[in-house]
Structure formats: structure tokens, C-alpha cells
Amino acid sequence: RDYYASRGLGDVYKRQLVRTAKETSDVISHKINARASEIFSEITDGKYRSVNIQKGAGISAWNGMDRISVDRLSEGTLEQIYFSIRMAASEMLLEEPMPVILDDAFAFYDDKRLESVIKWLSRQKKQVIILSCHSREAKLLEHLV
């Protein structure tokens, strides 16, 4: 910092750094948004085609006809959005495949949502560890295997 400040470049350096960070953030946000939308569409069996996460505008879902804000979505659908964002972010930010550990992540899922997300997880090429105080995940896995 002192090097740049002593040459009158401190402010220029700071502006460049802020701009670079914002551009990087925008690129990563766009990629996470796109991947989260793919996952969300898959786990909702196409009921929703995308999820949109925007600074200042919040989160909304697109069903092919309407953009639906989060305050109009069910708790289960919100959990599916949250799951999609977490999975997309983990894919983008991890340099190597890591196990996915889900601790009671499906508490607000009905049976149909749970089956859909378990099927999606089973198609991923990574280890998945599901922790739950319920037996329905295990029963569903037995049925699918």
C-alpha cells in the first residue's frame, strides 16, 4: 500500500481493485445463477425453469409464464431454491470434488420433492452424506436402489 500511496497511485489502485472485485463477483454470480437455475429446474421436474438472484431485487422463480417473488413461494420451494444455490456455489467454488454433507436439509420437503432431490443427488459424481432424524430418506434410498 505504501508503495502506491507514495507515488500517488493509492486511489487508482483502490478503484482498480474494487472494479476487479465487482467484475469477478458479477461473473461468479452469473455462473452460480445459471447453474442454480439448472438444478432448480431439474429438482422441480420442470415446474420452475429458473431462479433469479439479484442484488437489490431479491430472489424470484420463473415458471415459464410468471416471475414469482419468494414471498409467494411455499417453504418447500424456498428450500429447493436454497439447495440449488448451495449446490451451484459448491460446484463453482471448490477446486476439487468434495463430499456433500446434508444435515436435516429436507425437513420442509414433501415426499415428491424429497424423491426428486434424492434422484438428482444420485446422478452427481460425488459422495453424498445425508444426516437426518427421520427414516424417510433411508426408505426412499432403499426404494431407488
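How many helices and strands does the secondary structure of this chain come to? The count is 5 helices and 5 strands. I should say at the outset that the model is a predicted one. Following the sequence, the elements appear in the pattern α-α-β-β-β-α-β-α-β-α.

Let me give the overall figures. The chain has 145 residues, and buried residues make up 29% of them. Its accessible surface comes to about 9,900 Å², with 54% of that belonging to carbon and sulfur atoms. If we take the contacts between residues at least 6 apart in sequence, 59% of them join residues at least 24 apart.

I turn now to the core. In soluble globular proteins, nonpolar side chains tend to be buried together. Here the largest nonpolar core has 26 residues, and those with the most contacts inside it are Phe83, Leu102, Phe106 and Val117. The elements giving two or more residues to this core are α2, residues 10–43, α3, residues 75–93, β4, residues 100–103, and α4. Which residues does Val117 touch, if we do not count those up to four places away in sequence? They are Ile43, Phe83, Phe106 and Tyr109.

Val117 brings us to helix α4, where Val117 is buried together with Arg113, Leu114, Ser116, Ile118, Trp120 and Leu121. The helix covers residues 111–122, and its length can be checked: at 1.5 Å a residue, its 12 residues should span 16 Å, and the end C-alpha atoms are indeed 16 Å apart, so the two values agree. At the start of α4, a side-chain oxygen of Asp110 comes to within 3.3 Å of the backbone nitrogen of Lys112.

Next, the hairpin. Strand β1, residues 50–54, and strand β2, residues 58–62, run antiparallel and are joined by 5 bridges. Within this pairing, Asn52 has Ser60 in β2 as its bridge partner. There are 3 residues between the two strands, and Gly56 in the turn has a positive phi of about 85 degrees.

From the hairpin we may look back to helix α2, which contains Ser37. Ser37 counts as buried because its relative accessibility is 10%, under the 20% cut-off. Apart from neighbours within four places in sequence, Ser37 is in contact with Arg49, Ser50 and Val51.

Two loop residues deserve attention for their backbone. Most residues other than glycine have a negative phi. Asp45, in the loop between α2 and β1, has a positive phi, near 50 degrees. At 55% relative accessibility, Asp45 counts as exposed. Asp104, in the loop between β4 and α4, also has a positive phi, of about 45 degrees. Asp104, however, counts as partly exposed, at 30% relative accessibility.

Finally, I would point out two pairs that are separated in sequence. Where is Glu75 placed? Glu75 is in helix α3 and, at 41% relative accessibility, counts as partly exposed. Glu75 and Tyr109 are 34 residues apart in sequence, with their C-alpha atoms 8.3 Å apart in space. The other pair begins with Pro99, in the loop between α3 and β4. Pro99 is partly exposed as well, at 40% relative accessibility. From Pro99 to Lys126 there are 27 residues in sequence and 6.0 Å in space, C-alpha to C-alpha.

Terms used. Residues numbered from 1 in each chain as written. Predicted model: local features only at pLDDT ≥ 70, side-chain atom pairs only at ≥ 80, totals over all residues. Heavy atoms only, no water. Helix = DSSP H or I, 4+ residues; strand = E, 2+ residues; numbered from the N terminus. Expected span 1.5 Å × (residues − 1). Buried < 20%, exposed > 50% of the residue type's maximum accessible area, 1.4 Å probe, protein only. Polar contact = N/O pair within 3.5 Å; in protein donor to acceptor, adjacent residues only side chain to side chain. Contact = heavy atoms within 4.5 Å. Areas by Shrake-Rupley, 256 points an atom, 1.4 Å probe, with all protein chains shown as cover. Core = buried A, V, L, I, M, F, W, Y, C linked by side-chain atoms within 4.5 Å. Pairing = 2+ DSSP bridges.
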